Amino acid sequence: MPTAAAAPGVQRRWDELVRPEHVHGSLYTDPAIFQAELEKIWFRTWVYVGHESEVPNANDFVMKSIGPEPIIMTRDRSGQVHLLHNRCSHRGNRVCMTERGNARSFTCPYHGWTFSNDGALKGWPFPSGYEGVDRSEYGLGKVARVASYRGFVFGSMAAEGPSLEEHLGAAMKSIDALCDTSPEGEVEITAGFLKHKVKANWKFLVENETDGYHPSFVHASIFEVAQSGIGELYSAESTAVSRDFGNGHTENDLRPEFRKRDVPMSWFGTTADRLPEYTARMNAAYGEEKARKIMIDGTPHIMIYPNLFIAEIQIFVIQPLAVNESVQHVTALQFKGAPDLNRRMRQQTMGSVGPAGFLLADDAEMYERTQMGVQMRNPEWLFLGRGKHRERRDEDGFLIGDNTDEVPTRGIWRHYRSLMEAE
Ligand code: FES
Ligand SMILES: [Fe+2]
């Protein structure tokens, strides 16, 4: 394998680092590459920020982020959602230090400038010092574009570019399927977030979310204890498929296995009769036939590039902090009008990814070990060729492979390269 040209700075030939079946280890370790990613991915494309249900009332706000940068998601008096940079326009202090709350305005602690929750500068102390200065020029920075899809709020720091719908593409159908699991057609993000920090590059996390190859090994112990039947979904015999939706979005489509089982709620490791309230509401909302189909198929396992992972019963939001440091923000999904299901969602989430949960701890250990590994330069390259020979197209034209194949990983890197090569 020839050596990658290690050109100084960020003027790299991305095709020399990202090849169809190999990627160079420096992509996970080079701080200059990380800076380039912030510019070309995190501060340019659509990034998931938060959910409308996190700011349900007028004047609610919650602290969020885009990449390493803090963002305040607010709902103003009229109900409109804003994404504001948490940076005072005077000398750069943070104007908000509270995780969440309800406030019509934010007052900077340094010199007392006050901003309304739509970002406008309302006032500055000792105003005689600002004679002739136009207050309207000193509002908080706003994320250039804000759009939401079924309550999921995304921001793009670039004023121009593809629309959110164009960016999401086929992933919209997965969000639809997720929302349809609620008898009222809505997801709520109300269970509170856990934050897990790992000493690893963010791309390891993105790749891992739809890597159907590792669960049989990394999560063997939890599968055994829980007797959940999840392990079989990721075996070599599984009829589940991995899929590349394009635009970096990827999934493990587990529906073929659930349809084979033909048992409503088996995706959740239970049966419909143990959730009588939920089942009754689903039947009433969709009719028995459609409700049955929804309850067999279950919710998606999809990674929406670059940072939103919908993991059946949870969402994970990936945040890069540095080239070798990332945070995963995790919460149990809650479905509107489904209190009995929601209770179990929270319990299972605590069990699997809570402070004492195995699932995320197992993965975190792998991220950190791979991060240490890629600092070594012999061999320099990572191999992503699994299942290349059996890659195929589904009826919609998307690339699919066996559930253990590296179709998603290759798709992620193809998209990555196109973003990094763009002017
Ligand atoms: S830095 Fe915010 S008021 Fe001075
Ligand atoms: Fe995992």
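**A walk through the strands, cores and iron site**

Let's start at a strand pair: I302 has I310 in β17 as its bridge partner. This is a predicted model, where local features need pLDDT of at least 70, side-chain atom pairs count only at pLDDT 80 or more, and totals for chains, interfaces and linings use all residues. Residues are numbered from 1 along each chain as its sequence is written, chains are lettered from A and ligands numbered from 1 in the order in which they are written, and side-chain values use heavy atoms, with hydrogens and water left out.

Strand β16 (residues 301-304) runs antiparallel to β17, with 4 bridges between them, and a hairpin of 3 residues links the two. Strands here are DSSP runs of E with at least two residues, helices are H or I runs of at least four, and both are numbered from the N terminus; two strands pair if DSSP finds at least two bridges between them. On its other connection, β17 is joined by 4 bridges to the antiparallel strand β18 (residues 314-322), where I315 is the bridge partner of I310. That hairpin has 2 residues between its strands, and E312 in the turn has a positive phi of about 60 degrees.

What covers β17 (residues 308-311)? Both faces are covered, with L308 and I310 buried on one side and F309 and A311 buried on the other. Buried means under 20% relative accessible area, exposed over 50%, and partly exposed in between, using a 1.4 Å probe and protein chains only. In a regular strand, side chains alternate between the two faces of the sheet.

Now for the cores. A nonpolar core is a set of buried Ala, Val, Leu, Ile, Met, Phe, Trp, Tyr and Cys residues joined through side-chain atoms within 4.5 Å. The largest one has 49 residues, and W14, L27 and W202 are among those with the most contacts inside it. Helix α2 (residues 31-42) gives this core its largest share, 6 residues. A second, separate core of 44 residues includes I310 along with L168, M172 and I296.

Last stop, the metal. The iron ion (ligand 2) is coordinated by NE2 of H214, NE2 of H219 and two OD contacts from D363, at 2.1 to 2.5 Å. Donors are N, O and S atoms within 2.8 Å of the metal (3.2 Å for Na, K and Ca), and water is not among the atoms, so sites may look incomplete. In sequence, the donor residues are spaced H-x4-H-x143-D. H214 is buried at 12% relative accessible area, and H219 is buried too, at 4%.
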